[in-house]
Number of protein chains: 2
Amino acid sequence: MRDIALVGIGKIATDQHVPALAASEDWRLVATVSRSGTVEGVEAFTDFDAFLEGRPEVGTVSLCLPPVPRYAYAEAALRAGRHVMLEKPPGATLAEVQALARLADEAGLTLYATWHSRMAPGVAPARDWLADKRIERVAIDWREDVRRWHPGQEWVFEPGGMGVFDPGINALSILTAILPFDIHVQQATLEVPENRQTPIGAEIALSGNVRAVFDWRHEGEQTWRIEVDTDAGRLTLSEGGHRLTIDGAEQGPAAGGAPIPGEYPALYARMAELVGAGASDVDLAPMIHVADAMTLGRRETARPFEF
Amino acid sequence: MRDIALVGIGKIATDQHVPALAASEDWRLVATVSRSGTVEGVEAFTDFDAFLEGRPEVGTVSLCLPPVPRYAYAEAALRAGRHVMLEKPPGATLAEVQALARLADEAGLTLYATWHSRMAPGVAPARDWLADKRIERVAIDWREDVRRWHPGQEWVFEPGGMGVFDPGINALSILTAILPFDIHVQQATLEVPENRQTPIGAEIALSGNVRAVFDWRHEGEQTWRIEVDTDAGRLTLSEGGHRLTIDGAEQGPAAGGAPIPGEYPALYARMAELVGAGASDVDLAPMIHVADAMTLGRRETARPFEF
């Protein structure tokens, strides 16, 4: 077991990271760093430098802070010789993540830019099935209620908070993992609430006949679905990649196969592998498509939004 | 001499590409493709496919179209086995340029994403002088009159047209060529005219104590200046990289040195080198900083703009 510290004890840490670490055979959570959040039974720091100085033997840190403040922590951790795991998106800018990757590389440390949705159980089988199909059309439908999933998190609508691309990038992380060809944004419409900086809705057309609709104002059934029409039928990934059907037939886990871990347990298992192998894993493709949509998108003003 | 075709005969082609090719010892301009523009004495096509079919022996095409339509031409040219040279910025999205680079690589063709300002005569000496200095502060001041340099070019204010980043990316192309360390955008303010989609002004703070001001509403003396304060004095690149001073002292070309070519003659000489060597040159750094500023920037509404 390796020691790890968790930085940024907010909703995602409490909901996902803490239980995944508690169940992990690879990791032992020995410290947290957070202004206010703590984990019972684990030493709590409020200052990151104090942690780095006080616990030099903790070789790995996992950063669950929002993207804008995250870079400074990642840089300090790498400069202090720690391996670093980054929540998605891996940063507020592409260039800062490239800089971190270079730092990690020069220091011989692991940097892992995680994409939790890629670990959903339908994703790898979908990629394998699509590998030899002719893909005719892809439709992404990603609609959820921001009030339910990000209650009161004002930062998502501040510059760098990404708005509806915060969930949308999960769809793009799956898409770029399952398609057997490169894609690029061709056109985008961004709906930005009059009183906010980031989009609450987006429609994107990508090459390869890919269309995506992201909506953060959806109060009914929460929808995270990717449909792929091929010469061999329709593949549907729904529930954010947790359910896979081909022409309507459920594709369950293979009989006799190993049980499939949850997304976050799988991320931490992968991080243990990377640290063991002295490797990094930094794939910027999902973030590049968001930056391209933000650069190329036509902005339309939407109704003001309040939580 | 190699044959080359010029695609998109607008202002930049007429002002820069045509004279550079006329004076080149490497290239012979044998065809143009443009809806309306032509070059006297050169076969003119209006349709790109007709050119590709009609002139299979022309091994290289140089694309001077605006960034949004450019990708389709570049892809078609590479698929038809032609080397491709791209005006700046090399595309409307990062992902499309990465896709072109992969296509060129797989086909053994040259792709050259040009940055003409990097060829200004002060740039290489500035890079060499800065290589061993401690850099304390960088100030970029890039102010010009869009009506003078892009008269009536409505596309610059359409999505993908980049707005003031169209000139600003020239500054970023120089900056990323002369600084001996990585930088990333930390904060940006984008002034977008009420009736337009892209910024007419921008202020950007980057790591390394770099500040940039881009303004497209500047009617007085046109200013394209980068000031770098170091432990060994102040380096100033002005006139878009054409004039270099160190602590106020002019740095001329070395006595007895070879004459320095203009920016576009230097680009075409470099393209000839790349084709000869079977190599590509695709540096996305300037474009990544623009995408980062567009993603992270706070938008403010500016007065409506008409040409």
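**Sheets, interface and local geometry of a two-chain model**

Strands β9 (residues 201–206) and β10 (residues 210–215) of chain A run antiparallel to each other and are joined over 6 bridges. Within this pair, A:G201 sits opposite A:D215 of β10(A). This is a predicted model, and the description below starts with the sheets of chain A before turning to its partner.

The β9–β10 pair belongs to an open sheet of 9 strands in chain A, ordered β14-β13-β12-β11-β7-β10-β9-β8-β15, in which the pairing is mixed. At the edges lie β14 (249–250) and β15 of chain A, each of them pairing on one side only. Strands of a sheet pair through backbone hydrogen bonds, and they can do so in a parallel or an antiparallel sense. Helix α5 (residues 123–130) of chain A lies across four strands of chain A, namely β7 (135–143), β11 (223–230), β12 (233–238) and β13 (243–246). The helix runs at about 160 degrees to β12(A).

Chain A also holds an open sheet of 6 strands, in the order β3-β2-β1-β4-β5-β6, and here the pairing is parallel. Its edge strands are β3 (43–45) and β6 (111–113) of chain A, which each pair on one side only. On average, neighbouring strands of this sheet are turned by 25 degrees against each other, direction ignored. At one end of the order, β5 (residues 83–86) of chain A pairs with β6(A) in the parallel sense over 3 bridges, and A:M85 stands opposite A:Y112 in β6(A). Helix α1 (residues 11–22) of chain A packs on this sheet, where it touches β1 (2–7), β2 (27–33) and β4 (60–63) of chain A. The direction of α1 makes about 165 degrees with that of β1(A).

Next comes the contact between the two chains. The size of an interface is often quoted as the accessible area lost when the parts come together. For chain A and chain B, that buried area comes to about 2,600 Å², with 56% of it on carbon and sulfur atoms. Three residues, A:H184, A:T295 and A:L296, supply 21% of what chain A buries against chain B, more than any other three residues. In terms of contacts, 28 residues of chain A meet 28 residues of chain B.

There are 4 salt bridges across the interface of chain A and chain B. One of the salt bridges in the model links B:R102 to A:D182, with the closest N and O atoms 3.2 Å apart. The two chains also share 10 residue pairs in polar contact, counting pairs with both residues at pLDDT 80 or more. On the side of chain A that touches chain B, at least two residues come from each of α3 (67–79), α4 (94–107), α9 (285–296) and β15 (298–302) of chain A. The largest share, 7 residues, comes from α9(A). Sorted by class, this side of chain A has 13 nonpolar, 8 polar and 7 charged residues.

Salt bridges are not confined to the interface: over all chains, the count comes to 56. In general, side chains of opposite charge can pair when their charged atoms come close. Within chain A, A:E75 forms a salt bridge with A:R79, the closest N and O atoms being 3.0 Å apart. Both A:E75 and A:R79 lie in helix α3 of chain A, 4 residues apart, or about one turn of the helix.

A few backbone details stand out from the general rule that most peptide bonds are trans and most residues other than glycine have a negative phi. The peptide bond from A:K88 to A:P89 is cis, with omega near -15 degrees, and A:P89 lies in the loop between β5 and α4 of chain A. In chain B, the bond from B:K88 to B:P89 is cis too, with omega near -15 degrees; B:P89 is placed in the loop between β5 (83–86) and α4 (94–107) of chain B. As for phi, A:D247 has a positive value of about 50 degrees although it is not a glycine. This aspartate, A:D247, is found in the loop between β13 and β14 of chain A.

Conventions:
Residues are numbered from 1 along each chain as its sequence is written. Chains are lettered from A and ligands numbered from 1 in the order in which they are written. This is a predicted model: local features need pLDDT of at least 70, side-chain atom pairs count only at pLDDT 80 or more; totals for chains, interfaces and linings use all residues. Side-chain values use heavy atoms; hydrogens and water are left out. Contact means heavy atoms within 4.5 Å. Buried area is the accessible area (1.4 Å probe) that two parts lose on being put together, summed over both. A salt bridge is a side-chain nitrogen of Lys or Arg within 4 Å of a carboxyl oxygen of Asp or Glu. A polar contact is a pair of N or O atoms within 3.5 Å; within protein, one must be able to donate a hydrogen and the other to accept it, and residues adjacent in sequence count only if both atoms are side-chain atoms. Ala, Val, Leu, Ile, Met, Phe, Trp, Tyr, Cys and Pro count as nonpolar, Asp, Glu, Lys and Arg as charged, and the others, Gly among them, as polar. Two strands pair if DSSP finds at least two bridges between them. Axes are lines fitted to C-alpha atoms, for helices over the stretch in contact, and angles run from 0 to 180 degrees between N-to-C directions.
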